[in-house]
Structures are given as C-alpha cells and as structure tokens.
Amino acid sequence: MSGGASFSHFSRRDGELYIEQVALNALANQFGTPCYVYSAAVLRDNFDAYSRALQGRDHLICYAVKACSNIAILQLLARRGAGFDIVSVGELERVLLAGGDPAKVVFSGVAKTASEMRRALDVGIHCFNVESAAELEVLAEVAAAAGQRAAVSLRVNPDVDAGTHPYISTGLKENKFGVAIEQAEAIYQRAAALPSIEVVGVDCHIGSQLTDATPLLDALERLLALVDRLDELGIPLQHIDLGGGLGVRYRDEQPPTADAYLSQVLQRLEGRPQRLVLEPGRSIVANSAVLLTETIYLKQSGDKHFAIVDAAMNDMLRPSLYQAWMALENTSASDAPERLYDVVGPVCETGDWLAKERPLRLRSGDRLAMFSAGAYGFTMASNYNSRTRAAEILVDGEQVQLIRERETLADLTRGEHLLDSV
Ligand code: LLP
C-alpha cells in the first residue's frame, strides 16, 4: 500500500490523498484530527453488491449495526432497503432514529433482557434470534404478558471452524454463542408448543473476517439438514439466516466478492422456499472509511523510530486487540527520508499502537490515513485516558457532512457528580 491508495473511491491527485472528490487534508484542516471519514459511494456500492446478487430471490439484508452505528450511515443504508441486525436496545433506538423499518430488524445477542424484549416487541421487529433455551422461556413470558406472539429464529452453532482470529470466531462448540445443533430440535419442539412464540427461522453466525466461503457453505449444509428434520417434525421454517462474516481486504487477503459467495449460497438453496436473511457488517463498511490522524512527534530510541500520532487505541482498538494489520499512508507526498516506523498513540499502554514497522516518509505535522477503518472502528472507541471521541464525517462526491461532532471536554464528565459535602 505504500505505493498509493488502491481502495475504491480513494485516489491520489498531485500527491494528495482524496476520498471521492475531497482532499483528506482539507477535511483535517476543517474538522481537526483524529476523525473518521466515510465514503457514501463505497457504502452504496457494497450494499448494492449484496442486493444485486440476490435479485430474484426472496431475501433480507440485515446490516450488522455493531460494525458502524452512526445514524447517518444507518439512514443511508435504510434508504437503500437495508434491514438491520441489532444486539441491544441501544442499537434498536439508533435504527428507529435513522428511519429504519422495525419490521426488517433481527435481534441477535446472548443476553437480551426482558425490557429489551418488550421494547423490540412493542415496535414490531421481524424476529428474535434466540440463543438459548433459557432465553426462549423468558421471551415467551414477556410476549405473553404483552399479549403478543414473538417471532423466533434459533441461533444454532453448527460447529464449523471459521478459520479466523480466535476472538472473532463464533461457530465452534466451545464458543458462548447459539445452541449446539444437536440440541436444536428439542428447543424447536418446545418453542412450537409455546402459544406466545411463533417459530419462523433458523440462523447462525460462525465468525467474522472469513476470507474463504467454505466454512460458511459447510454451516449452510448443516442448517439445511436441520431444516429438513424440522420439516419432518411438522415445524416448517420461513427463513434461513446465514449471519455475516464475509471478509474484506486489509492488506493482501483475497476474500470472495459478495457476488461469488452468494451465487454459491443460492445454488445450494435452489428449490427451497425459505427466504434468505444475511447479517453483513464489515463487508459493507470496512473499506468505506479512513481514520485520519496527525503526527505529533517523531522519536528515535536506539534503532527504533516512533511516529507518535494523535489517534490511539481508544479511537481504533483493532491493532491492539487483534494485532490487526491496517494500511497507513501519509495523506501528502513527502520528501522526508523513508524509515520503518512504529505508529503509536498518546495512551499510556505499551499495547497502544496502530501499526508496526511501516515504511513511511514523515515529518511532524503530517497526516496519516488509516484505511479500512469503517468497521469496528468508531463503534469500539472509548474515552480511556479521558480522551474525547473523534468526529465522523461523510463525503458524497463533493459534498461533506459532519455526521458526528467531536466530543467536548464537558462531554467527558457529563453525568458525573462530585461528593455531597460532609
Ligand atoms: N451477526 C452476528 C450475530 C454477529 O455477531 C456479527 C459480528 C455479525 C452479524 C457481523 O459480522 P461481520 O459481517 O461484520 O463479520 N470487532 C471485531 C469483529 C467482531 C464481530 C462480532 N460479530 C473486529 O474488529 O474484527
């Protein structure tokens, strides 16, 4: 990547890095750093790739809100017909604020509380992705008390190895998610017998950043075998939800395109009446955004060169948490000598780094763009070290919109109280 941006809708003009028609340096001057900058064109392209691939097949694309939950981005996707996969009532309220259709919402997560269930029933979500027998019982009670029937899909754990980072692999027996596929039939039978529950589907999500479709297709085979067994038991299902998980290119990975992946899925679904539901997150948003940061100091320690920048692990946790490699480039051409830099932030932790041993030409004051920052970037940000969270900006062609203001120092202590005087 040091040769120049090769992510679509990012380009170099006279050495300056652009997102769509706007120079990133101009945005850094206007809004300050660190900030996340998203491309509307990439978001549309990525969502449309899913839609196009599923044309002619009954389907619902439920964008996984956890990947990037800014309400303007949810709004953009909702306008293109997206449904949403949520994991908390907080995400549900975001979807509603963004004008998302509650009838296209699926609610995942291992620990839904009764009050979250009540709110979701109240607004009429599409279905609850139930993750345990205990959750099913609570949901049945909550729905009965509200005089409603809750639509339910059981999240099964197909026990396939997604072959990805252990922290983002979810489909193995040892993971906390879903119910073991061998237990599923018994739980479905119980669900079918509960008057306040309507069984509508089955779902799984085996992991994230999958660069090979094989585990996803293996999971689908196991789901289909379960669907057949349930049919025989007189429990027909209306939909099959394959979750998210399709990987993206951060460096040199070559994940299948949505089209290539889905054509294989559709082949296996041929002749089946069920609607296909998907929950993509990363593959819609990751490559839509950069995290812009400014170099504060350059520092040499022995043979080691550090670029100390104004973004930190509290802004972008992926490198610290998963040792993730994310592309970094100077936003301007530079004649500074090329050195191997560790790019680190201001947070007081050795684990606070954004990149290691990257060839860069840098002077203090230079801005760096970290690519592929749209997924699990801002949503995993925190206020650690009492740092304000970054601004978020959406670019659409030549248009620029601030979609989240940078937090202020006053925001940092909002809701805190000094001790009553004694
Ligand atoms: N559905 C469910 C039930 C999920 O748990 C997830 C992600 C998705 C859908 C969306 O998966 P995607 O299409 O984005 O792979 N923070 C990590 C990723 C955690 C993924 C959690 N679940 C990272 O930065 O790599």
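## Exercises on the ligand site

Ser 208, Glu 279, Arg 318, Tyr 322 and Tyr 376 come nearest among the 18 residues around the ligand. The model is predicted.

**Exercise 1.** Determine which polar contacts Ser 208, Gly 245 and Gly 281 offer to oxygen atoms of the ligand.

*Solution.*
- Step 1. Take the cut-off: a polar contact is a pair of N or O atoms within 3.5 Å.
- Step 2. From Ser 208, a polar side-chain atom is 2.3 Å away from a ligand oxygen atom.
- Step 3. Gly 245 places a backbone N or O atom 2.9 Å from an oxygen atom of the ligand.
- Step 4. For Gly 281, a polar backbone atom and an oxygen atom of the ligand are 2.8 Å apart.
- Step 5. Turn to the cover: on its own the ligand has 590 Å² of accessible area, and the protein covers 91% of this.

**Exercise 2.** Describe the pocket and the make-up of the shell around the ligand.

*Solution.*
- Step 1. The ligand takes up the space of the largest pocket.
- Step 2. Sort the shell by residue class: six residues are nonpolar, six polar and six charged.

**Exercise 3.** Relate the shell around the ligand to the domains of the chain.

*Solution.*
- Step 1. The domain assignment lists domain 1 (2-39 + 286-412) and domain 2 (108-280).
- Step 2. Each of domain 1 and domain 2 supplies at least three residues to the shell.
- Step 3. Between the C-alpha centres of domain 1 and domain 2 there are 36 Å.
- Step 4. Contacts join 13 residues of domain 1 with eight residues of domain 2.

Technical notes:
Residues are numbered from 1 along each chain as its sequence is written. This is a predicted model: local features need pLDDT of at least 70, side-chain atom pairs count only at pLDDT 80 or more; totals for chains, interfaces and linings use all residues. Side-chain values use heavy atoms; hydrogens and water are left out. A residue is near a molecule or strand if one of its heavy atoms lies within 4 Å of it. A polar contact is a pair of N or O atoms within 3.5 Å; within protein, one must be able to donate a hydrogen and the other to accept it, and residues adjacent in sequence count only if both atoms are side-chain atoms. Accessible areas come from the Shrake-Rupley method with a 1.4 Å probe; for residues, only the protein chains shown count as cover. On a 1 Å grid over the protein atoms alone, a cavity is a set of points where a 1.4 Å probe fits but cannot get out, and a pocket is an open set with protein on both sides within 12 Å along at least five of seven lines; lining residues have an atom within 4 Å of a point. A molecule sits in a cavity or pocket if more than half of its atoms lie within 2 Å of its grid points. Ala, Val, Leu, Ile, Met, Phe, Trp, Tyr, Cys and Pro count as nonpolar, Asp, Glu, Lys and Arg as charged, and the others, Gly among them, as polar. Domain bounds come from an automatic or database domain assignment. Contact means heavy atoms within 4.5 Å.
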